[in-house]
Amino acid sequence: MPKYIINGGKKLIGEIQIQGAKNAVLPLLAAALLTDEAVTIRNCPNLVDVNNMIRIISALGARVVRTGDIIQITSDGLFAHEIPKHQAKELRSSVFLLGSVLGRMKKAKVAYPGGCDIGLRPIDLHLKALLELNVRIVEKYGYINCDASNMIPTALTLDYPSVGATENVMLLAAISNGVTALANAAREPEIVDLQNFLNSMGAKISGAGTSYIRIEGVKHLKGADYTAMPDRIVAGTYLIATAICGGCVDLVNVEPGHLQSLLSKLMKSGCDIDIKANKISITSNGNIQAFGIVETQPYPGYPTDLQAQLTALATVANGTTIISENIFENRYKFVPELNKMGAQVMVKGKFAFVTGVSKLTGAETYAMDLRGGAALVLAGLNAEQTTVVHDIHHIERGYEELDVVLKKLGCDIIRL
Ligand code: EPZ
């Protein structure tokens, strides 16, 4: 099984390009099924999750050609509306296909995606929204059978600003005969990217990025050529990597506005940050002040997907940090692995109490989920001697060539 071997203590120096956003490209690929014309999506990262989504839409009948970071999709030959169980299990994000397959085929059969490493991941909010749009749903034998032939656009409110549920409503309502008004919508930048993509296909959607999204249904969507947004979580991970090691790094092809909540924390903790149009420069002497209380929240609050990485940074900060993970119920599995490296973190329910130490020490560690695994790599970059991070398949779901990028910045890391 592949692993990372890291000899810590190196400073990070240099410039890196940030990959396209996994959590934007996945719904964009689902949205491409809404038209029978050719669609081109650029800035697509080469990741396991993206390639799994390509496999699923190909199995539905779409023709997909990938050339580097460009994916071309033509689904004029779409013939299936069922997402098999093993594929739904392998890729939770296949749940977005509910909205787009329903929007195109008017019926869909998706296996329950089930939980994952970080929580139960129910889809009740998705199903409640579809029911309010008069989609007929029959749940049987672990499958969700949906019929949208009598879908009725309406005004509806999500009980919680779920990213996936917001995306499913947008995907279903884009082709319809009326106006759908979604309140308490998720405000993540990936939702804005989906709106912009759908509108480039001829949809009439407004309000993404706010809690209120208006979708005026159209009869038909056309092909498009679209560039996905940069990955704000990957960018945030490299910013925190620079803070934990010390150094001076320029991140290009980023949207600084997507990272306000992290940037303000890093500045307060002693990092120098310079922001330009699509570039963030960070300088750190590695001497980090603790963060006080950090609460993960829906966007624009502090992102849950950067919680583990900031927790790793807090383990070597001066003072105490209290993390409150308010989004997912099982997002501290990396903590025992951090504590093997000399970190002092105590978890109690949704809280992690972190007492900073001067240095971590290398250890054999095991990644258990995507962002927790990335946090172990960051800790290894700081630690004395050698850290091994096993089960890196979790990490490679979301980070394109993490070892290559870090090596380019001066880290001593190899992938075996
Ligand atoms: C998206 O997941 C992201 N994934 C997650 O990134 C991210 O952590 C999350 O949004 C929050 O920002 C993709 O975009 C592919 P939610 P999603 O629906 O849509 C609960 C990563 O590391 N909930 O906003 O599943 C849910 O259990 C991944 O890249 C329900 O209870 O997130 C969670 O506690 C991890 N019922 C909370 O809401 C539902 O029907 C937020 O979930 C749906 C969600």
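Me: A helix here is a DSSP run of H or I with at least four residues. Which helices each supply at least two residues of the shell around the ligand?

Reply: The model is a predicted one. The helices are H1 (22–31), H5 (124–132), H6 (163–173) and H12 (370–382). H5 gives the largest share, three residues.

Me: What makes a residue part of the shell around the ligand, and which residues come nearest?

Reply: A heavy atom of the residue must lie within 4 Å of the ligand. The shell holds 24 residues. Asp124, Leu125, Ser162, Asp305 and Ile327 come nearest.

Me: Why does the pair between isoleucine 327 and the ligand count as a polar contact?

Reply: The cut-off is 3.5 Å between N or O atoms. A backbone N or O atom of isoleucine 327 is 2.5 Å from a ligand oxygen, so the pair qualifies.

Me: What about the side chains of asparagine 23 and arginine 371?

Reply: An N or O atom in the asparagine 23 side chain lies 2.9 Å from a ligand oxygen. For a polar side-chain atom of arginine 371, the distance to a ligand oxygen is 2.8 Å. Both values are within 3.5 Å, so these are polar contacts too. The protein covers 87% of the 820 Å² of accessible area that the ligand has on its own.

Me: Where does the ligand sit, and what does "sits" require?

Reply: The ligand sits in the largest pocket. That means more than half of its atoms lie within 2 Å of the pocket's grid points.

Me: How do the residues of the shell divide, and which domains does the shell draw on?

Reply: Ten are nonpolar, six polar and eight charged. Domain 1 (22–227) and domain 2 (231–415) each give at least three residues.

Terms used: Residues are numbered from 1 along each chain as its sequence is written. This is a predicted model: local features need pLDDT of at least 70, side-chain atom pairs count only at pLDDT 80 or more; totals for chains, interfaces and linings use all residues. Side-chain values use heavy atoms; hydrogens and water are left out. A polar contact is a pair of N or O atoms within 3.5 Å; within protein, one must be able to donate a hydrogen and the other to accept it, and residues adjacent in sequence count only if both atoms are side-chain atoms. Accessible areas come from the Shrake-Rupley method with a 1.4 Å probe; for residues, only the protein chains shown count as cover. On a 1 Å grid over the protein atoms alone, a cavity is a set of points where a 1.4 Å probe fits but cannot get out, and a pocket is an open set with protein on both sides within 12 Å along at least five of seven lines; lining residues have an atom within 4 Å of a point. Ala, Val, Leu, Ile, Met, Phe, Trp, Tyr, Cys and Pro count as nonpolar, Asp, Glu, Lys and Arg as charged, and the others, Gly among them, as polar. Domain bounds come from an automatic or database domain assignment.
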